Amino acid sequence: MQPARIAPSILAADFAHLAEDVAMVEPYVELLHLDVMDGHFVPNITFGIPVIAALRRCSSLFFDCHLMTTNPDAYFPALRTAGVDLATVHIEVYPDPTRVAAQARAEGLAFGLALNPSTPFEAVEPFVELVDLLLVMSVHPGFGGQSFIGDSLEKVEIARKFIDSHSLPTDIEIDGGVSSENARAAREAGADVFVAGSAIFGSADPVAAVQELRASVESME
Ligand code: DX5
Ligand code: ZN
């Protein structure tokens with residue numbers, strides 16, 4: 001298992017002061033989680049390429065872009081140009097993501113695969129060796145601020161066993177309702193990357209919230 005990494009989701013940040021919110025947490029985190037939603041795959045619309053490009057000009061964090069859209073591959077070149085490092089698509093959109101994984105790599109993007117709470121690990125199993133990051137959703141995608149679905153930990157455990165038994169370098173990211181209350185259990189189940197929106201930007205002190213989250217995932221290391 002890799003060292004634990006924290007990925008604040010800007011979905012819970014103040015969109016009128018994004019640069020300030022990102023700058024505040026930047027020295028304390030490893031990735032920035034960017035939730036792009038199109039109003040089709042999920043019933044919500046967030047932000048897109050111009051916002052990501054603007055953030056790239058004021059941040060040097062690794063840009064972890066979670067695409068909750070029906071045709072994410074159409075935007076790979078523009079996302080790369082905007083400064084995205086890793087593009088994650090949903091298995092529910094591409095039941096066989098072999099071609100789209102190759103397309104992302106050809107554009108210079110790392111590739112991630114996400115699965116919804118109702119999608120079993122078996123759906124992604126044949127493709128895990130193609131991906132840099134497996135995103136296990138612990139809420140139904142579409143909105144920040146939802147409660148963590150505890151059953152997702154079992155899926156993290158199954159994924160961790162598969163990845164370790166095949167000696168794969170794939171990271172496991174847990175996304176949705178993550179807080180210092182449940183992050184330790186997610187770490188124990190095998191997660192490497194912890195996305196948190198509300199727990200960080202919804203806090204009166206986002207830096208302290210990051211540190212609290214880190215302390216809870218590192219307490220077992
Ligand atoms: C939900 C998004 C999450 C969300 C997490 O569809 O994928 O990344 O921003 O936000 P919290 O931590 O508030 O659940
Ligand atoms: Zn996300």
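Me: How should I read relative accessibility for Ser 167: does this residue count as buried or exposed?

Reply: At 66% relative accessibility, Ser 167 counts as exposed, since buried means under 20% relative accessible area, exposed over 50%, and partly exposed in between, with a 1.4 Å probe and protein chains only. This is a predicted model, in which local features need pLDDT of at least 70 and side-chain atom pairs count only at pLDDT 80 or more, while totals for chains, interfaces and linings use all residues, and side-chain values use heavy atoms, with hydrogens and water left out. Residues are numbered from 1 along each chain as its sequence is written, whereas chains are lettered from A and ligands numbered from 1 in the order in which they are written.

Me: Where does Ser 167 lie, and what is its phi?

Reply: Helices (H or I, at least four residues) and strands (E, at least two) are DSSP runs numbered from the N terminus. Ser 167 is in the loop between H5 and strand S7 (171-175), and its phi is near 50°, a positive value in a residue other than glycine.

Me: How do I recognise the protein donors of the zinc ion (ligand 2), and which residues are they?

Reply: Donors are N, O and S atoms within 2.8 Å of the metal (3.2 Å for Na, K and Ca), and because water is not among the atoms, sites may look incomplete. Here the protein donors are His 33 (NE2), Asp 35 (OD), His 66 (ND1) and Asp 175 (OD), lying 2.1 to 2.3 Å from the zinc ion. In sequence, these residues follow the spacing H-x1-D-x30-H-x108-D. His 33 belongs to strand S2 (residues 31-37) and His 66 to strand S3 (residues 62-68), so the pair ties together parts that are 33 residues apart in sequence. His 33 is buried, with a relative accessible area of 0%, and His 66 is likewise buried at 0%.

Me: What arrangement do the donor atoms make around the zinc ion (ligand 2)?

Reply: Four donors count as tetrahedral if all angles lie between 85 and 135 degrees; four count as square planar and six as octahedral if opposite donors are over 155 degrees apart and all others between 65 and 115; anything else is irregular. Around the zinc ion, the 6 donor atoms subtend angles of 71 to 173°, which makes the arrangement octahedral.

Me: How is a nonpolar core read, and which residues have the most contacts inside the largest one?

Reply: A nonpolar core is a set of buried Ala, Val, Leu, Ile, Met, Phe, Trp, Tyr and Cys residues joined through side-chain atoms within 4.5 Å. The largest has 61 residues, and those with the most contacts inside it are Ile 10, Leu 34, Ile 52, Phe 76, Leu 113, Ile 174 and Phe 194. Helix H5 (residues 152-165) gives the most to this core, with 5 residues. Apart from it lies another core, of 11 residues, including Ala 7 and Leu 133.

Me: Which residues does Val 136 contact beyond its neighbours within four places in sequence?

Reply: Contact means heavy atoms within 4.5 Å. Val 136, in strand S6 (residues 133-137), is buried at 0%, and its contacts beyond those neighbours include Ile 174 and the zinc donor Asp 175. Phe 148, in the loop between S6 and H5, is buried at 18% and touches Ile 174, Gly 176 and Gly 177, among others.

Me: How many helices and strands does the protein have?

Reply: The protein has 8 helices and 8 strands, and buried residues make up 54% of its 221 residues.
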